[in-house]
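The following exercises concern the strand pairing and the nonpolar cores of one protein. Please examine the sequence and the structure before reading the solutions.

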Amino acid sequence: MVGKPVVFGLPLEVLLEIFWYLHPLDLVYLTRVSKLFRSFLLHRRKAKSLWTGALKRIDRLPQCPSYLSEPAYANLLFWPFCHRCHSSCDVIQWELRIRCCNGCTSHMLVGQEMLPSFVNQLSCLDVRQLIPMSVISSAGPCVRHTDITNRKLLTVASHADVNKFNMQYKFVKDSPLSNDLIIHREKATEEIYQHVALCRIWEAEVAGRRRKELVDQRKRDVVEKLQNLGLGDELESLLSDASVLKEFDNLIVRQDQELTDSSCQVSLPRLQNFLEIRRARRLTVYLQDRFKILAVVVSETVKAFKNDKTNTVFPHAIDICLLSEVRCMINAPEVMSAEAFVDALTLRLPPLLLAWNRQATGQLADLVRAQLCGIDNAVDPLALAALVFRCSNCRLHVTYPSALTHPCLYAKTFDKPWVQLPMETTALGRTMSPVEIYEKAAIEGFEMHPWNCTVLEADGYTKRIHNLFQALGRDPNSTVVNDMESCPIRVTCKSCSGSRNRMILTYRTALIHLVRNHSDGKNDAVWGVVV
Ligand SMILES: [Zn+2]
Ligand SMILES: [Zn+2]
Ligand SMILES: [Zn+2]
């Protein structure tokens with residue numbers, strides 16, 4: 001049905017009953033919706049009690065001053081628009097009893113220096129005692145004083161006040177009444193300033209309450225979002241620590257200059273990061289406790305193994321620590337006490353040590369096969385007689401099996417995911433997974449990185465070794481160490497032997513001579529077979 005809203009058809013008594021419960025701003029809006037409402041609501045006698053009642057219900061609001069009607073007061077207080085152009089305007093010029101947007105400055109305000117000349121000629125100490133004046137930012141009346149940085153302040157009056165004073169003055173000019181006018185003006189202006197002081201207090205209280213509501217609302221929003229991110233448990237743990245809770249609150253409130261949705265978006269990664277770092281720290285403390293126990297158990301078990309001599313290469317505690325099976329044991333604090341952990345680990349360690357050895361050896365073999373082309377498929381790459389590694393870290397040469405325990409294999413390598421930035425500089429919004437925290441805690445706790453053979457190069461000397469094997473009459477891609485142990489052939493390095501002393505070398509001592517004396521940048525050896 002198109003037509004007048006049903007409210008217009010209601011009897012006056014019903015309307016009055018409804019109006020009685022309205023907020024002053026609702027009444028202001030009603031004065032603007034229809035002529036009928038307007039003439040009723042602005043009727044001094046009939047509607048006064050409605051407005052007075054509505055204003056009274058506003059908590060701690062100063063009473064309507066004598067120089068404003070109740071509707072004008074309500075309009076000034078609550079109608080958030082410029083009094084001239086009706087564009088949005090949050091700032092009230094209390095002394096001037098107006099709202100003036102930045103665009104209407106020249107139409108509604110007069111700078112102190114632009115006041116009519118008679119004003120200054122009147123016998124008065126301060127012009128502000130005759131005309132109510134307000135201080136605004138040179139950036140515009142809508143820029144709040146608190147937002148002003150490096151801005152000049154201007155003292156202004158309203159055009160309406162200046163015009164009124166002008167007319168009054170013209171009327172009494174050069175008559176004895178002019179003195180009365182000054183007294184009257186001083187009194188009226190003083191009344192305005194006194195009321196303004198009360199209004200400012202009230203405005204600050206309202207702003208404070210609003211700010212608190214917004215902060216509380218934001219806190220609820222943020223907490224909900226963080227809970228959705230799986231950080232609820234960490235939030236719970238904050239409650240027990242007053243100083244950390246305060247730090248957390250500050251992170252929320254710090255963003256409060258503009259309590260908008262977008263500022264909430266900005267603060268969320270910060271808060272998330274704060275909680276993640278805390279969680280990581282708490283977890284790290286617990287983990288490193290367990291790691292200490294693990295280090296003792298591993299060292300004892302390895303000692304027993306070494307006595308048996310069943311295995312030649314053993315992992316460090318950090319390698320055992322990073323095995324997924326051990327990680328599961330350590331990560332289950334609620335089901336496993338420290339004692340139970342020691343028992344379980346002692347039981348599981350022997351097969352784990354052997355499994356690690358198999359895995360590490362396998363990885364090294366894969367690395368050799370990948371780097372050296374043409375190795376016979378039937379041959380174990382690590383058994384090759386021609387195998388010499390070069391360490392890309394320290395540039396030393398190493399042979400198998402000692403290569404498995406070369407110290408650089410426990411040095412930091414840059415292509416591994418566990419090499420992380422320090423926790424504090426972790427990028428905002430970047431979540432550290434429990435696995436990452438675990439690995440970082442292990443690296444910090446054991447002060448070394450896990451075993452990683454990619455630092456070794458098997459192809460560092462390929463061409464020169466092949467030359468040696470050619471002299472020995474053997475195929476470097478299939479000859480294994482065992483074949484060569486019994487090999488009777490001896491060689492000499494012609495480039496290093498003098499005319500008097502000639503070195504006689506087995507294949508192994510020849511290899512060592514090669515990598516020590518004929519490495520990069522030096523000439524290749526010239527081999528001769530010793531007959
Ligand atoms: Zn305006
Ligand atoms: Zn090295
Ligand atoms: Zn030589």
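Two exercises follow, each with a worked solution.

The model is predicted: local features require pLDDT of at least 70, side-chain atom pairs count only at pLDDT 80 or more, and totals for chains, interfaces and linings use all residues. Residues are numbered from 1 along each chain as its sequence is written, and chains are lettered from A and ligands numbered from 1 in the order in which they are written.

**Exercise 1.** Determine the order of the strands in the open sheet of 3 strands, and state which strands stand at its edges.

*Solution.* Step 1: the order is S5-S4-S6, with antiparallel pairing. Strands are DSSP runs (E, at least two residues) and helices likewise (H or I, at least four), numbered from the N terminus; two strands pair if DSSP finds at least two bridges between them.
Step 2: S5 (397–398) and S6 (456–457) each have a single partner strand, so one side of each lacks a neighbour in the sheet.
Step 3: S4 (389–391) is joined to S5 by 2 bridges, and phenylalanine 389 has valine 398 in S5 as its bridge partner.

**Exercise 2.** Locate the largest nonpolar core relative to the domains.

*Solution.* Step 1: this core, a set of buried Ala, Val, Leu, Ile, Met, Phe, Trp, Tyr and Cys residues joined through C-beta atoms within 7 Å, has 55 residues. Buried means 20 or more other C-beta atoms within 10 Å of the residue's own, with C-beta atoms placed from the backbone.
Step 2: helix H15 (338–371) supplies the largest share, 7 residues.
Step 3: domain 4 (284–457) and domain 5 (463–530) both contribute residues, so the core lies between them; the domain bounds come from an automatic or database domain assignment.

How values were computed: A residue is buried if 20 or more other C-beta atoms lie within 10 Å of its own, exposed if 12 or fewer, and partly exposed in between; C-beta atoms are placed from the backbone.
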